[in-house]
Amino acid sequence: MKFKKVIATGVSLVALGLALTACGSNSSKSGLADKQVLNWSYASELPSMDLSTATDTISFDQLNSTMEGIYRIGKNSKVEPGLATKTEVSKDGLTYTFTLRKNDKWSNGDPVTAQDFVYSWRRTVDPKTGSQYAYLFDGIANANDIIAGKKAVDTLGIKAEGKYKLVVTLEKKLPYFKLLMGFPVFFPQNQNVVEKYGKKYGTAAKYLVYNGPFKMEGWSGSNLSWKLVKNKNYWDKKDVKLSQINFSVNKSTTTSYNLYQSKKLDYTPLSTEQAKQLKGKDGYQVLKEARTNYLEFNETNKVFANKKIRQALSYAVNRQVLADKVLGAGTLPSLGIVSRDLAFNKGKDFAVAAKTTAGVTYNKAKAQKLLKEGLAEVGQSKLSFTLLGDDTDVSKQVTESLQSQIQQTLPDVDVSVSNVPFKTRLQRSEDGDFDVVVSAWGADFADPISFLDLFTSDNSYNNGKWKNAEYDKLITASKTTDAGNVDKRWDDMVKASKILSEDQGVAPLYQLNVAYMLNPSVKGVIQNTAGVTWSFKDAYIANK
């Protein structure tokens, strides 16, 4: 998921935010086409529109277009005004007071108030909700104790002073706090609507209200097409040019590219072969993402609890082959769990600083030696397991390549592949219903902690249940005692990343860059490497 930067910490945490095409100004209507309708393709279905429980990039893209929080994240990850018209920060940096707009309404006509934020945040951190993103509230007063069930939800460090003043109290300085405020997990929710629909809330378009640029129509919760239409109650509706965005799910890039050619789609991702053929053509672009795809091992299984077996499987994978031959379009082999070009300190890329030879290198001899030793330790002579992945074209190519590489390098290993719908893969990962799964994570904001936090012992996203006491200690230090010291915090995170690689807590594979075609008439769509991938508020269709 999966996100950005503008951080006053001394660490140069630079996100490579990219605006699509030569976007020109959309302030003048003279350059607009008569029909302001955008047609967009996704490779996977939409899992959820409940911002407290959503976990994936597609859900967050849709929430970002239909909801709005204190800030918005604009081009190049710039923090821009959302519902806050004024922000006051205390001298110690621990109290934020936001003055909210009085002219924003929910799509049902209800006013959007400070209480909507209070309710939303409390709902997300409430253990009864089961939010996997509750950990992002770490640093907000009492959040961790509430998540652990030690304190009541109404003790969370957020309160409404009247209808349009919101006060947030922190326990420690958060260098990335403003960026978090532009991430959908921190957006408001209408309490009456949530309680009215109960378990149905967020499961279909009709079980929601919206306060963002668009509102959703036609999504039943399982269908593969829906639309966003301009929200007449949005405070900044005058600057929203698109009247409608039509979304369709096309798991085959052959299908989506054919639709693009017939002008039924304005955007389609491309396969490796398509990218080779279309590179340099009008409309060809490459989406750079702060996203790492990695193998996650189910360590509740004694086989994958064995470090040598995990290492053997990782050493059996040639990541350069995956990047160049299977994925292409500039995809990079992972140096570690943190993606390249996400964060810098004194000019050095974090991914380079944390690089190790262990955990990300192909070595046939070492893989075979470690497997033999690991199998002996668990009392087995052979290993059979199922590799779980998504059912998209790209994911199928990746899992098939991994299956082939592992079996060719390690003759004593038999790998079967199971490719399932995206929504199913997420649920099975969360339930621990897998042997080895190809997982993916996109940074929620432009800081290494957005990746590293995932693998602490108690993190809800640590689906493989890997545990390392020293790793936990370093991550805790980076967020507490060393949080105010740029260099110490950086060193903590570098050391932690190396431990994750060397212990093979997960096996980082590649940093995905996606080639795609975008109709040259489409302007103003914003894409950032970290956080919400696509932002459509400023998009428009230009005259040809």
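**Entry 1: strand β2**

I began with strand pairing and found that β2 and β11 run parallel to each other, joined over six bridges. I note here that the model is a predicted one. Within this pairing, I located S41 opposite S248 of β11.

I then asked how many residues of β2 are buried. Six of the six are buried, so I recorded β2 as largely enclosed by the rest of the structure. I sorted the side chains by direction: V37, N39 and S41 point one way, while L38, W40 and Y42 point the other way. Residues on both sides of β2 are buried.

**Entry 2: helix α1**

I turned next to α1, which spans residues 57-66. This helix is mostly covered, with nine of its ten residues buried. I listed the buried residues as I58, S59, F60, D61, Q62, L63, N64, S65 and T66.

Against which elements do the buried residues of α1 pack? I found β2 (37-42), β3 (71-73), β9 (214-217), β10 (225-230), β11 (244-249) and β23 (534-535). I also examined the start of α1, where a side-chain oxygen of D56 comes to within 3.1 Å of the backbone nitrogen of I58.

**Entry 3: aromatic rings**

I searched the whole structure for aromatic pairs and obtained 33. One of them is W121 with F186, an edge-to-face pair with 5.4 Å centre to centre and 80 degrees between the planes. I placed W121 in helix α2 (residues 114-125) and F186 in the loop between α4 (177-180) and α5 (191-197), so this pair ties together parts that are 65 residues apart in sequence. Both W121 and F186 are buried.

I then looked up the pair of F137 and F186. The ring centres are 4.4 Å apart and the planes lie at 35 degrees, so I entered the pair as tilted. F137 belongs to the loop between α2 and α3 (143-147) and F186 to the loop between α4 and α5; the pair therefore ties together parts that are 49 residues apart in sequence. I checked the accessibility of each ring residue: F137 is buried at a relative accessible area of 0%, and F186 counts as buried at 0% relative accessibility.

I recorded one aromatic cluster formed by W40, Y42, W226, F247, Y267, Y516, W534 and F536. I also noted a charge over a ring: the charged end of R101 sits over the ring of W235, 3.4 Å from its centre.

**Entry 4: L295**

I located L295 in strand β13, which covers residues 284-297. Is L295 buried or exposed? I count L295 as buried because its relative accessibility is 2%, under the 20% cut-off.

Setting aside neighbours within four places in sequence, I found L295 in contact with L387, L402, V436, V437, V438, V506, A507 and L509. I also took the separation of the C-alpha atoms of L295 and Y315, which is 12 Å for residues 20 apart along the chain.

**Entry 5: D453**

My last look-up was D453, found in the loop between α14 (449-452) and α15 (469-479). At 7% relative accessibility, D453 counts as buried. I asked which side chain makes a polar contact with the side chain of D453. The partner is K479, at 3.1 Å. Leaving out neighbours within four places in sequence, I listed the contacts of D453 as Y135, N459, I475 and K479.

Technical notes. Residues numbered from 1 in each chain as written. Predicted model: local features only at pLDDT ≥ 70, side-chain atom pairs only at ≥ 80, totals over all residues. Heavy atoms only, no water. Buried < 20%, exposed > 50% of the residue type's maximum accessible area, 1.4 Å probe, protein only. Helix = DSSP H or I, 4+ residues; strand = E, 2+ residues; numbered from the N terminus. Contact = heavy atoms within 4.5 Å. Polar contact = N/O pair within 3.5 Å; in protein donor to acceptor, adjacent residues only side chain to side chain. Pairing = 2+ DSSP bridges. Phe/Tyr/Trp six-rings, centres within 6.5 Å; stacked < 30°, edge-to-face > 60°. Lys NZ or Arg CZ within 6 Å of the ring centre and 35° of its normal.
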